[in-house]
Each structure stands twice: as structure tokens, then as C-alpha cells.
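Reader: I'd like to learn how to read a protein model, one feature at a time. Could you walk me through this one?

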Amino acid sequence: MNRQLHGGLDELQRDPYPHYARARQSEGLVHVPELDAWLVARDEDVREVLRRPDDFSSAGALRPDVVPSPVALAVLGGGFGGRPVVVTADGVLHQRLRAPIVRGLSPARVAAVLPYVAERAASLVDAFAEDRHVELMSAYARRLPGDVMGRIVGLDPDDVPAVVHGGYRAEELLFRPLEEDEQVAAAQDVVAMQHLLDACVRRRGERREDLAGELIASLAPGDGDLTLDQRHELVAHLQNLLIAGHLTTAALIGTTVLHLLSHREQWELLCAEPDRIPAAVEEALRYDTALQGFRRVTTRTVTLAGKELPPESSVFVAFGAAGRDAARHPLPDTFDITRAPARHLAFGLGVHSCPGSQLAREQLRITLELLTRRLPGLRLAGDHPVTMRPTLIHRSPHRLHLVP
């Protein structure tokens, strides 16, 4: 994708909501050149696509916006992965890949990790609570979810920062236009992350109660050494899981705090009435979710919103647009933590709904409980305007400068 085209995509990604509104008001579907896809923006239509996985394949869910250079691709060839993962698989393969994640992120396992989440969150806040200024994304939002996912997966704590860094570099390499030397540097960071994950899965001989152990037992049963193909599959699976677990939750934390502090009366209400925190979490997810949507590809001729789509048609299923649909959410562009609850689509729906949604919610809840109790006077730093990262899969502030 050339830089001129990517400039238009950046503009759409930094603020997709005007595009969503126009698409909802139009008859049928609107084709968006920047996405090279038909935009599915109404709540009713988004739900229909998600309920028809046989007609709308997930194979292209993570189609990159940028193809790395041959030199960068050669670097990536020294790593692991390149296999289908749960968000890009359909049918029986999807069921096989999803099952161990569902078990590994069961309500009991999420409950078991919450004391660690609370302890780690408090430690991170302690580090900046007395400061005059903090940049929340780097000091907290990008650190807590990485540490939590590392704990659940079973990573060596010393490896977590490199794995988190590698996740962001993978996103950058595939979704940002970079000069070739930067592509190579990003690819090297991704490969370094993959080798750390490979070392993690090769510890299969240990008695393990972590999520990596669950994946190994399910996808590569037996006692012998892992085959090279098994290592590739497990690393691809873990990489996708970790990126989904820490990048998305980091984005949700940053965006939630941003909107609460931007609507001062909402923040003050939350500080005064902390019982509203679960509702505030749901409103933040509805209003501006990190995962704005995924691509789907039609497997046959289908009709959606009155539009006939031939096989191999690409659609962008906009969860974020559904959250602003007045047909389901009255006054949808108003951020209001007191609104009557209505089921949103921030975590998808159906067979591809996010298995980590409860863990993400709990991290948001603990974060808001901690910040409203410890730092009720928290404010946006007026001398640091907030800009959003140009992405539709981990939408969040670039940086979030606050005055504790």
C-alpha cells in the first residue's frame, strides 16, 4: 500500500465514527476504498454476519495493510509461526484451536489470577502516584496486561517485556508503512519474540498448569520432542493469543481512562459511586472499543442489507460502528455510564466471540477501582493533546499524559 493511500487509511482509523455514521445512514452497504472492503456498520447487519460463519469466512481476518519488503520477509523466515490461528480459522480447525484457549481462560482460571492482577496494578500505580505527571500508556496500560498474560501463559517474567515489545512491532510491521531498514529492525524484534515463545513451548516435559501447557497438551499431545511443524503451530498460536491479550487490553485501559477524564462529570460520579464501575466498563466498551472490527470474506454469493455480494467479497465487520447504532443504543454518541445496559458487540458474537473478554473486563474493573480510590483528582494534562493510534484492531491513545 503506497503512502498516499495509507494517509487516507490513517485518517479513517484515527476517527472512524463519521465514516460509520454515513454507512449506517446509507441504503445497503458502502464500499470503503481505504479498507478495500464493504463496511458493515449497522448492529443488525454485524450480528447477521457473525451468526453466519459458514457464509463469511474468517480466513482474512488479519489481512495486513502493508506487505513487508523481501529483505524483511527473509528475516521473518528465521522465526516461527506462519500457521492458521484461532481468529483466522473456520470450522473444525477453529474449534480445535479455540478449545484449549477457552479452557485456559475459564472463569476459575481468571478468578485465580485476579489477586496477582490487583497486586501488580497497585505496584504500577505506586510508582507514579506521587509524581506531578505520568504518561499512562507506558507507565501502566501497556505493562499490566503484558504481565498478566505472561503469568497466565507461563512465560519467564524476564521475557515478558521483549514479548510485549515484539507484539507491538508485529502490528507495526504489518499495518504501518515503514522504510526498509525499519521493517528489518521490526522483523528482528518479532523473530526474537518468536524464539522466546518457542523456548516456552519446548518446556513440554515440565508439569505445567499454565495456558501454554494447555495448548501443548491439546495441540501436540504426547511425551516426545515437538516436531518443527508443531513448534511453528504453537508459536503462531501463542503469538496471536498474547497480542490479543495484551495489546487489546492495554488499548481498552487507555481509551476508557481517556473518555472518563474527558467527561469530567462521569469521572466524578464514578469516584463518588464506585458501584457504577462495572457499568462504566461496559459503556466504555460500547462507546469506543479497542477492537473496532475484523474482516470477513464471503464463501459464496450472499445477500446482506439488500446487497448481493459474490464469492470472495471482503467485508469489514465494524463492532465499533454497531456500538454507535441508535437502533440499539439510544443517544449512541453520548458517553453515559448511567445508561440502561444493552448488549454490545465489543467482544464479537457467536463462535468467534473473544474468549478473553472476562479477563479484559476484570483488568479494566481493577484499574478503575484503583484509580478512582487512589487518584480521584486525576486529570488530563492540558499541554499534551491526545491523538489516537491509526489502527482499527488496537484503537487507543498514542500517549495519555495525566496529572495525578
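**Reading the model step by step**

Author: Happy to. Let's begin with a loop: Ala-305 sits in the one between β6 (302–304) and β7 (307–309). Keep in mind that the model is predicted.

Reader: What is the phi of Ala-305, and is that phi positive or negative?

Author: The general idea comes first. Most residues other than glycine have a negative phi, and most peptide bonds are trans. Now the case here: Ala-305 is not a glycine, yet its phi is positive, at about 55°. Ala-305 counts as partly exposed, because its relative accessibility is 25%, and partly exposed covers the range between under 20% for buried and over 50% for exposed.

Reader: Where is Glu-312 found, and what is its phi?

Author: Glu-312 belongs to the loop between β7 and β8. Glu-312 is not a glycine either, and has a positive phi of about 70°. With a relative accessible area of 65%, Glu-312 is exposed.

Reader: Let's go on to the sheet. In what order do the five strands of the open sheet come?

Author: The order is β1-β2-β8-β5-β3, and the pairing is mixed. At the edges you'll find β1 (30–32) and β3 (56–57), each with a single partner strand, so one side of each has no neighbour in the sheet.

Reader: How do I read the pairing of β1 and β2: parallel or antiparallel?

Author: Antiparallel: β1 pairs with strand β2 (residues 37–40) over three bridges. To find the spot by eye, look for His-31, which stands opposite Trp-38 in β2. Trp-38 also stands opposite Val-315 in β8. There, β2 and β8 run parallel and are joined by three bridges.

Reader: How many bridges join β5 to β8?

Author: Five, and these two strands run antiparallel. One pair to look for is Gly-293 and its bridge partner in β8, Ala-318.

Reader: Which way do the residues of β8 point?

Author: In a regular strand the side chains alternate between the two faces of the sheet. In β8, Ser-314, Phe-316 and Ala-318 point one way, while Val-315 and Val-317 point the other way. Five of the five residues of β8 are buried, so the strand is largely enclosed by the rest of the structure.

Reader: Which strands do the helices touch or lie across?

Author: Helix α2 (residues 17–25) lies across β1, β2 and β8 (314–318), and runs at about 80° to β2. Helix α3 (residues 43–50) also packs on the sheet, where it touches β2, β3, β5 and β8. The direction of α3 makes about 120° with that of β8.

Reader: How many of the nine residues of helix α11 are buried?

Author: Seven of the nine residues of α11 (residues 211–219) are buried, so this helix is largely enclosed by the rest of the structure. Among them are Leu-211, Glu-214 and Leu-219. The cover over these buried residues includes α5 (91–104), α6 (107–126), α8 (144–153), α10 (180–201) and α12.

Reader: Let's try a single residue. What does Arg-361 touch?

Author: Arg-361 is part of helix α16 (residues 357–374). Not counting residues up to four places away in sequence, Arg-361 touches Val-281, Glu-282, Leu-285, His-344 and Phe-347. Take Val-281: the two residues are 80 residues apart along the chain, but their C-alpha atoms are separated by 7.0 Å. Arg-361 is partly exposed, with a relative accessible area of 22%.

Reader: Last topic, empty space. How many cavities of 30 Å³ or more does a search of the whole structure find?

Author: Rolling a probe the size of a water molecule over the atoms shows where empty space is left. Here, the search finds three cavities of 30 Å³ or more. The largest has a volume of about 180 Å³. It is lined by 15 residues, and the closest to its centre are Asp-65, Phe-175, Phe-316, Leu-392 and Ile-393. By class, that lining has nine nonpolar, three polar and three charged residues. Strand β5 (residues 293–298) gives the most to it, with three residues.

Reader: And what lines the second largest cavity?

Author: That cavity holds about 50 Å³ of space. Its lining includes Met-137, Tyr-168, Arg-389 and His-394. Helix α12 (residues 228–262) provides the largest share of that lining, three residues.

Conventions
Residues are numbered from 1 along each chain as its sequence is written. Side-chain values use heavy atoms; hydrogens and water are left out. On a 1 Å grid over the protein atoms alone, a cavity is a set of points where a 1.4 Å probe fits but cannot get out, and a pocket is an open set with protein on both sides within 12 Å along at least five of seven lines; lining residues have an atom within 4 Å of a point. Grid points are joined across faces, edges and corners, and a volume is the space filled by probe spheres set on the points. Helices (H or I, at least four residues) and strands (E, at least two) are DSSP runs, numbered from the N terminus. Ala, Val, Leu, Ile, Met, Phe, Trp, Tyr, Cys and Pro count as nonpolar, Asp, Glu, Lys and Arg as charged, and the others, Gly among them, as polar. Two strands pair if DSSP finds at least two bridges between them. Contact means heavy atoms within 4.5 Å. Axes are lines fitted to C-alpha atoms, for helices over the stretch in contact, and angles run from 0 to 180 degrees between N-to-C directions. Buried means under 20% relative accessible area, exposed over 50%, partly exposed in between (1.4 Å probe, protein chains only).
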